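This briefing covers the salt bridges of one chain and the burial of the residues that form them.

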Amino acid sequence: MTTAGDVHHDEGSAPLSSLAVRMQKKLAGRLANNKRLGKQVLPERAAALFDSLHALLRDCCAEKEQADKLAKYAMKLTLKVGVLAKNGLLDGEREQERLVKVKNHCHALALAVCSFATVAYSYERDYIMPLCGSLRAELAPIVDYQLSDKSSARLAYFFDTLCTPAVMDELFRPAHDKLLKRFAADIDALIESQYLTSMFVVSS
C-alpha cells in the first residue's frame, strides 16, 4: 500500500521534509516498542496514562500478551497520528474535520470512563460502545490513508479486541475498581493539562 506519507521516491530526490516525516513515523513505532524510551518522549502525564491503561488491561485480559499488544498498539497509533498532525500532513479541510471529531470523541470517551469509574453503578454499555464506534469511524480513514497497512491492522485489532460488550463489561467490573480509578485519575490529569485535546494539534 502506498500512503500519502510514504510516496515512493529515490531517497536522493525525495524532499527532505518527506524523508523527515518517514523517519519520525519509524521512530514513533520504535519508541512504542520500547516502553522505557517511549515514556521519555511522551509528556509525563501521557506516559502515566499508558502505564495505567497497560496495568488495567493486564488485570482484565485472560492473556497477558493480548494486554501488552493492546497497550503497545494504542501508544504506536497515538504517536504516529501525532507525527502526521504536527508535520502538517492533516491540514486539509476534510482531515481537519476528522481530527476535530476525533478530539471530541476522545474527550467524550474520557469523560465517560471517569464518570463510570468514580460513580458507583453508573456504567452504561449502551452509552460507551457507540462512542468507541464513532471514534473508530473517524480515526480509521486517517490511518488507512496516511499510514501503512500494518497500522491499519493494529487499529482494527485494537477496536475489534477491546471494544466489545464482553470486554467493556469486564473492564468496569468492581474487581478492577482500583486500577480503573487509577486510569480515570490519569485521564483527568491529562484533561486538565489539555494534552488530551492538543496532542493531535487540532484547530477547533
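Which residue forms a salt bridge with Asp68? The partner of Asp68 is Arg58, and their closest N and O atoms are 2.8 Å apart. The model is a predicted one, and the count of salt bridges in it comes to six. Three of these pairs are described below, by the helices they link.

**Helices α3 and α4**
- Asp68 sits in helix α4 (residues 64-86) and Arg58 in helix α3 (residues 44-60), so their salt bridge links distant parts of the chain, ten residues apart.
- Asp68 has a relative accessibility of 27% and counts as partly exposed.
- Arg58 is likewise partly exposed, its relative accessible area being 33%.

**Helices α5 and α6**
- Glu138 and Arg98 form a salt bridge through their side chains, with an N to O distance of 3.1 Å.
- Because Glu138 belongs to helix α6 (residues 125-146) and Arg98 to helix α5 (residues 93-118), the pair ties together parts 40 residues apart in sequence.
- Glu138 counts as buried because its relative accessibility is 14%, under the 20% limit.
- Arg98 is partly exposed, at a relative accessible area of 25%.

**Helices α6 and α7**
- Asp160 and Arg136 form a salt bridge in which the closest N and O atoms are 2.7 Å apart.
- Asp160 lies in helix α7 (residues 149-162) and Arg136 in helix α6, so this pair joins parts that are 24 residues apart in sequence.
- Asp160 is partly exposed, with 48% relative accessible area.
- Arg136 is partly exposed, with 27%.

Key. Residues are numbered from 1 along each chain as its sequence is written. This is a predicted model: local features need pLDDT of at least 70, side-chain atom pairs count only at pLDDT 80 or more; totals for chains, interfaces and linings use all residues. Side-chain values use heavy atoms; hydrogens and water are left out. A salt bridge is a side-chain nitrogen of Lys or Arg within 4 Å of a carboxyl oxygen of Asp or Glu. Helices (H or I, at least four residues) and strands (E, at least two) are DSSP runs, numbered from the N terminus. Buried means under 20% relative accessible area, exposed over 50%, partly exposed in between (1.4 Å probe, protein chains only).
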